[in-house]
Amino acid sequence: MKLLIRNFCSTLALLSIASLQAGAGGPDTPSSNATNNSSARHLTLPHFEPNMPVAPGRDEFMRACATCHSARYVTMQPPFSRRQWEETVRKMINTYGAPADEFQVAKIVDYLYAIDGNGPRPQTHDSSSDDDESGATASPVAEATESAPALQIATNARDREANVQSGKGLFQENCAGCHGDDGRSDGVASQALLPKPTDLTAARFSDEFLRQTLWNGVRGAPMPSWRKLPLRDLSAVAAYVQSFHSTTNSSTIVPESLARGKALYEKNCLACHGSTGDGKGPAATTLAPPPSNFKMIQPDFDYIRKVLRDGIPGTSMPVWKDQLSESDNAAVAAYVRSLYEAPNP
């Protein structure tokens, strides 16, 4: 990789020299002609992605398509008819395994036709404008508004175990390709996905989180909605996912006081994850995938520390190892875990 970058930079340097010589009349031209350098040709590499127009179906597009297709690639396509867009979307699903279900297809087609069809295009910012400095996610991204139906997860041990066993088969059929047989984010498709599928063994998920995720998918990530499955099947899958993780506290280091972790969280994390950890900070509306909601997700202590050190590629979660000491890292991890709202028995 370093060799490729070095060769690329060398090529750019040669092109720049050649362009300067051509603009100045050649290498033997007297220095008095240096004023002609203003006409030298130069390369301008693309810097920012254009904003995706706000129109119905944008949320479904961001969930299912933006993971692989850049905004620039989509907006440079020729004006297709609605039928052509539908054929293209279905090809992405059937041939390449794009993470979209039947519910999303119609909305994605409507959106693509609106922004690159034969009709008038919704207004958006030009990618070359001076104020376009935050890429394709600069404009607020709407949350899914359709509320998911309540899951039917049994409370008694016998019925819940039956749900888990039923969910295991459904998980193997529909989810293991990405999340892996044991939910550890090591499925056969995981290497081609960004962001990577969630490691379902590294966190505790509430019923509410699983309900919304299975019904609506995850915006800006390769997690589609699964509302094509019957509610009893979704409930069984949720029960099986919850069986991956123990409900006991897995922290190994607990600071004497959470005050330090809270102060560090408010300084470094609040803008995205919100003051209460609900994932609705001031910057959250522009981010896809959205920030984690720690009121509904309780990651393991060691997993949080790893994320703080390494970030999460493909998301807006940056690397914090240069900003936080090991003790600060532990304090933030402990505080984040304290934000989870365990359901009442």
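A nonpolar core is a set of buried Ala, Val, Leu, Ile, Met, Phe, Trp, Tyr and Cys residues joined through side-chain atoms within 4.5 Å. With that in hand, here are the close-ups, all taken from a predicted model.

**View 1. The largest nonpolar core and its best-connected members.** This core holds 26 residues, and Phe171, Phe205, Leu214, Leu234 and Val241 touch the most other members. Helix H6 (157-174), S1, H8 and helix H9 (231-242) are the elements that each put in two or more residues. H9 makes the largest contribution, with seven residues. Zoom in on Leu234 and, skipping neighbours within four places in sequence, you'll find contacts with Leu151, Leu214, Trp215, Trp226 and Leu229.

**View 2. A second core, separate from that one.** Here the set has 19 residues, including Cys65, Ile93, Tyr111 and Ile115. Cys65 has a relative accessibility of 14%, so it falls under the 20% cut-off and counts as buried.

**View 3. Ala64 in helix H2.** Ala64 belongs to helix H2, which covers residues 58-64. Its relative accessible area is just 7%, which means that it is buried. Who sits against it? Leaving out residues up to four places away in sequence, Ala64 touches Pro99, Ala100 and Ile108. Pro224 is also worth a look: Ala64 and Pro224 are 160 residues apart in sequence, yet their C-alpha atoms are 6.5 Å apart in space.

**View 4. Ser206, between a strand and a helix.** Ser206 is in the loop that links strand S1 (203-205) to helix H8 (207-216). At 8% relative accessibility, this serine is buried. A polar atom of the Ser206 side chain lies 3.1 Å from the backbone nitrogen of Phe209. Beyond its neighbours within four places in sequence, Ser206 is in contact with Gln242, Met296 and Tyr340.

**View 5. Two cis peptide bonds and a positive phi.** Most residues other than glycine have a negative phi, and most peptide bonds are trans, so exceptions are handy things to check. The peptide bond from Leu194 to Pro195 is cis, with omega near -5°, and Pro195 is in the loop between helix H7 (176-179) and S1. Ser185 is in the loop between H7 and S1 as well. Although not a glycine, Ser185 has a positive phi of about 65°, and its relative accessibility of 17% makes it buried. The other cis bond shown joins Ala288 and Pro289, with omega at about 0°. Pro289 lies in the loop between helix H11 (270-273) and strand S2 (297-299).

**View 6. Cys272, a cysteine without a disulfide.** Which cysteine sulfur is nearest to that of Cys272, and how far away is it? The nearest belongs to Cys269, at 8.6 Å, and Cys272 is in no disulfide. A disulfide needs two cysteine sulfur atoms within 2.5 Å, so that separation rules out the pair. The count of disulfides comes to zero. Cys272 has a relative accessible area of 24%, so it is partly exposed.

**View 7. Zooming back out to the whole protein.** The protein has 13 helices and two strands. Of its 345 residues, 40% count as buried. Among contacts with a separation of 6 or more, 66% are between residues 24 or more positions apart. The accessible surface comes to about 19500 Å², and carbon and sulfur atoms account for 55% of that.

Definitions and conventions: Residues numbered from 1 in each chain as written. Predicted model: local features only at pLDDT ≥ 70, side-chain atom pairs only at ≥ 80, totals over all residues. Heavy atoms only, no water. Helix = DSSP H or I, 4+ residues; strand = E, 2+ residues; numbered from the N terminus. Buried < 20%, exposed > 50% of the residue type's maximum accessible area, 1.4 Å probe, protein only. Contact = heavy atoms within 4.5 Å. Polar contact = N/O pair within 3.5 Å; in protein donor to acceptor, adjacent residues only side chain to side chain. Areas by Shrake-Rupley, 256 points an atom, 1.4 Å probe, with all protein chains shown as cover.
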